[in-house]
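Reader: Hello! I would like a close look at a single part of this chain, with enough of the surroundings to place it.

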Amino acid sequence: MHFIEALILFSLVITIGHGNVLDNRIDEFWTGECTLPSGLRKEIQSYRPLAEEIIEKITSKDFRGETWRSLSDFVDKFGARLAGSQNLEDAIDYMVDQMTRAGLNAHTEEATVENWKRGYESATMLNPRKADLPILGLGSSVGTMRGGIIAEVVAVETVDELNALPDEVVKGKIVVFVPKWKGYGETVKYRSLGATWAAKKGAVATLIRSITPFSLATLHTGHQGYQDGVRKIPTASITVEDASEILRMYKRNETIRIHMEMNDENRGVAKSRNTIGELTGKNANSSVVVVSGHLDSWDVGVGAMDDGGGAFIAWNAAKFLKAMGLKARRTIRAILWTGEEQGYLGARAYMTNHSLSEEKEFNFFIESDIGTFTPTGMDFSGTKEAECLFKEILQLLAPLNATQFASPIDGGPDISVWTDRGFPGASLLNKNEKYFWYHHSAADRMEVEDPDDLDKCTAVFAVVSYVIADLSVDIPKEIKSFY
């Protein structure tokens, strides 16, 4: 049934589960200025008392502090959870048990991930003075030959600078990229593509300024990908401070030589699993609302922020709704993705496995993967009709001061495999100005997380997922095939 037809039918005959009878007519329709049918607006507003109760239970009563406590128990027990590691698989088993104990329908679905292992990593500047250079290999990097590489340095701030150099100037050198921070989306391409760019010019290795706006001599790792047909060369991050020093030396025409050794190793692929916990809805064979975060992390720090916080506000939202005895019309499905750090591998596998039924199966997607600091609202991707509806739902978060709206989604990498094709979805907006200070570094520890903020973020996910799951109409969508 078309969404507008469903609205007309709903406004004529439906009675809200909270006991409120709606108007028997629709006197407002969708416009470019986001006018909702009055009946639907009243339905959403009728959830306000329940939304306030959910928020109160999570932030100041029964469940206060539980998200932080359960997350700290988890990361203290398992630490870093690199995809392909036995530690991640043990963590998945633990989460299945926790979900089952909470009364959710818990299970896993298989996904194939990369099996990359970090080995011994070392770099020393030999000229113009001797100094140790701490490095951190980038994900999927190859190692050096035994004994390492000794080579002169070419230092550049931009890829255009590199490409302007004659190949003979770069050949046999270590390229040090020192890009200025211009936001993550712009600057991260140097981490992702730097090794390929340099290899095309004949370089033997690359060192990349850590992708962060702020540093206390902190190393940041992350995934990088080799281009097919281009020679694979070792690549690692260095601190902002060391990169800046090398650039200054290079601009003074000093000869810089570095000894670099890495025993990192690609071991093919490994089996992993997405972890699923369902709060089953009232209606059999209903569409589902997915609420999610990723369980894997890098092998430095403990992944408390990226993305332990996102994973735990997601599954705790379902857990707390279950504990409150709430059951929506539709199923709420908490998914803890695997292999996100390697390129959304768990989400892509899940999409493939559910592709035949996806249009009927999925109603809405929610994710957090850009911090769980003080929530301010949610960002959104979807049709204009869905956007109008979602903005109204956000008003239920007024007690949390979290009604801010933005579009499109910025912090939902896993669910982008659906939202990029027209499925409606949202991710958490929060005061994450310092997120990239800790991102992919040894500083990603529990100290980054605040118990009260985690409670508020959990409440955001609980309210939004429940209301969307319980509405009398599906969220409208326009789907493109992924084939």
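Is Trp116 buried or exposed, and what is its relative accessible area? Please take your time over the ring and its surroundings.

Author: Happy to. Please keep in mind that this is a predicted model. Trp116 is buried: its relative accessible area is 2%, and a residue counts as buried when that value is under 20%.

Let us start with where the residue sits and what its ring meets. The ring of Trp116 pairs with that of Trp298; the two centres are 6.4 Å apart and the planes stand at 80°, so the pair is edge-to-face. The reasoning rests on a cut-off, since planes over 60 degrees apart count as edge-to-face. Trp116 belongs to strand S1 (residues 105–117), while Trp298 sits in the loop between strand S11 (288–294) and helix H11 (304–323), so this pair ties together parts that are 182 residues apart in sequence. The partner is covered as well: Trp298 has 4% relative accessibility and therefore counts as buried.

Now for some other rings. A search of the whole structure finds 26 aromatic pairs. One of them joins Phe74 and Phe78, with 5.4 Å from centre to centre and 50° between the planes, which makes the pair tilted. Here the partners are 4 residues apart, about one turn of the helix, and both lie in helix H4 (residues 66–78). Phe74 and Phe78 are both buried. There is also an aromatic cluster, formed by Trp337, Tyr350, Phe362, Phe365, Trp418 and Phe423.

With the rings in place, we can step back to the chain that holds them. Its secondary structure comes to 17 helices and 16 strands. The chain has a radius of gyration of 25 Å, close to the 23 Å that the globule rule gives for 483 residues, so it is as compact as a globular protein of that length. The C-alpha trace spans about 80 × 45 × 40 Å along its principal axes. Of the 483 residues, 60% count as buried, Trp116 being one of the buried residues. Links across the sequence show up in the contacts too: among those between residues at least 6 apart, 81% join residues at least 24 apart.

For the outside, the accessible surface of the chain comes to about 19100 Å², and carbon and sulfur atoms account for 47% of this. The chain has 52 positive and 67 negative charges, and the mean positions of the two sets are 2 Å apart.

Some backbone details may also be useful to you. The peptide bond between Asn127 and Pro128 is cis, with omega about 5°; Pro128 is in the loop between strand S2 (121–127) and strand S3 (131–132). Another cis peptide bond joins Ser407 and Pro408, with omega about 0°, and Pro408 lies in the loop between strand S15 (404–406) and helix H15 (416–419).

Positive phi values appear in residues other than glycine as well. Ala217 has phi near 55° and is found in the loop between strand S7 (205–209) and strand S8 (235–238). Asn253 has a phi of about 65°, and its place is in the loop between helix H10 (240–251) and strand S9 (257–262). Asn253 is exposed, with a relative accessible area of 70%, whereas Trp116, where we began, is buried at 2%.

Technical notes. Residues are numbered from 1 along each chain as its sequence is written. This is a predicted model: local features need pLDDT of at least 70, side-chain atom pairs count only at pLDDT 80 or more; totals for chains, interfaces and linings use all residues. Side-chain values use heavy atoms; hydrogens and water are left out. Helices (H or I, at least four residues) and strands (E, at least two) are DSSP runs, numbered from the N terminus. The radius of gyration is taken over C-alpha atoms; the globule rule is 2.2 Å times the number of residues to the power 0.38. Buried means under 20% relative accessible area, exposed over 50%, partly exposed in between (1.4 Å probe, protein chains only). Contact means heavy atoms within 4.5 Å. Accessible areas come from the Shrake-Rupley method with a 1.4 Å probe; for residues, only the protein chains shown count as cover. Lys and Arg count as positive and Asp and Glu as negative; His and the chain ends are not counted. The place of a charge is taken as NZ of Lys, CZ of Arg, CG of Asp or CD of Glu. Rings of Phe, Tyr and Trp (its six-membered ring) pair if their centres lie within 6.5 Å; planes under 30 degrees apart count as stacked, over 60 as edge-to-face and the rest as tilted.
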